[in-house]
Amino acid sequence: MIHVQNLTRAFGRVTALDGVSWIARPGEITCLLGPNGAGKTTTVEIAEGLQRADGGSVQVLGTDPWRADAAHRARVGVMLQDGGLPQSVKPVSLLRHLASFYAAPADVAELTGELGIDEFAGTTVRRLSGGQRQRVALAAALVGRPEVLFLDEPTAGLDPHVRRTVWDLVTCTATAGATVVVTTHSFEEAERLADHLVIMAAGRTVAEGSTSEVAGSGTLESAYFEHTDGERA
Ligand SMILES: Nc1ncnc2c1ncn2[C@@H]1O[C@H](COP(=O)(O)OP(=O)(O)OP(=O)(O)O)[C@@H](O)[C@H]1O
């Protein structure tokens, strides 16, 4: 369970978060939508324990992530927008190395097979295409069988086959009981994945609920523009 309550965060004169609140439940995929600069990444990085909020609170698995110990962090999987992967290693060695940190890791061969990583297993991370690197970053987030999984635009730039595989893997992870948070700019992705939807704008939550609750009698796209027009950061 993730509880984001009244979070505030400023960078100098820029107010990134202006009292944002939302929840994400176990066994569900929560999709965060919102214009560039709405504060999605800042909120997620605070929930990951990578940044500290100025005010408000976040609870992840009952813990304040900023103060969390290694045992808590091992229960949380993170896929960052820029990957954050070491450049000079080959994907499978990297994943095996990461798996060795966990008591009960995922099967690396299964994961690399599912994500098609075997096809470029002999290439170092530096030389991979953007989409290939993204698949490795997703595998790295999944290898510890996390109870909480944060994915920042996981399918941006992926081809349709890989995108479908990623959607299947993410859905399976939630079905197995994990709390999954996905930030996205794709209505198609949100409609496909979200059990719970949060629309953020200008550092606040402007809509929250199931996709049909947020969309009302119209489409998700029209609800999005209604909620975010004039609210851009
Ligand atoms: N380290 C930082 N220093 C200064 N400003 C920052 C910093 N991090 C974020 N911001 C600002 O905070 C606001 C929110 O940024 P954030 O990255 O959280 O938005 P986002 O919703 O994730 O956007 P995007 O959809 O473009 O990824 C933006 O105005 C951004 O410029």
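Hi everyone. A quick definition to begin: helices and strands here are DSSP runs, numbered from the N terminus, with at least four residues for a helix and at least two for a strand. Keep in mind that this is a predicted model.

Let's start at the ligand. Which element gives the largest share of the shell around it? That is H1, with 3 residues. Helix H1 spans 40-48, and strand E2, at 14-24, also supplies at least two residues of the shell. There are 12 residues around the ligand, and those that come nearest are Phe-11, Ala-16, Asn-36, Thr-41 and Thr-42. By character, the shell divides into 6 polar, 5 nonpolar and 1 charged.

Now to the interior. The largest nonpolar core has 65 residues, and the members touching the most others are Cys-31, Ala-139, Ala-141 and Ile-199. Helix H5, residues 130-142, gives the largest share of this core, 7 residues.

So let me stay with H5. From first C-alpha to last, its 13 residues reach 19 Å, close to the 18 Å expected at 1.5 Å a residue. Why do we call H5 largely enclosed by the rest of the structure? Because 11 of its 13 residues are buried. Among them are Val-136, Leu-138 and Ala-140, but also Arg-133 and Arg-135.

And what covers those buried residues of H5? The cover includes strands E5 (76-79) and E6 (148-152), together with helices H3 (91-99), H4 (108-114) and H6 (160-175). For a single-residue view, take Ala-141: leaving aside residues up to four places away in sequence, Ala-141 touches Gly-77, Val-78, Met-79, Leu-149 and Leu-151.

Thanks, everyone!

Conventions
Residues are numbered from 1 along each chain as its sequence is written. This is a predicted model: local features need pLDDT of at least 70, side-chain atom pairs count only at pLDDT 80 or more; totals for chains, interfaces and linings use all residues. A residue is near a molecule or strand if its C-beta atom, placed from the backbone, lies within 6 Å of it. Ala, Val, Leu, Ile, Met, Phe, Trp, Tyr, Cys and Pro count as nonpolar, Asp, Glu, Lys and Arg as charged, and the others, Gly among them, as polar. A nonpolar core is a set of buried Ala, Val, Leu, Ile, Met, Phe, Trp, Tyr and Cys residues joined through C-beta atoms within 7 Å. A residue is buried if 20 or more other C-beta atoms lie within 10 Å of its own, exposed if 12 or fewer, and partly exposed in between; C-beta atoms are placed from the backbone. Two residues are in contact if their C-beta atoms, placed from the backbone, lie within 7 Å. The expected span of a helix is 1.5 Å times one less than its number of residues.
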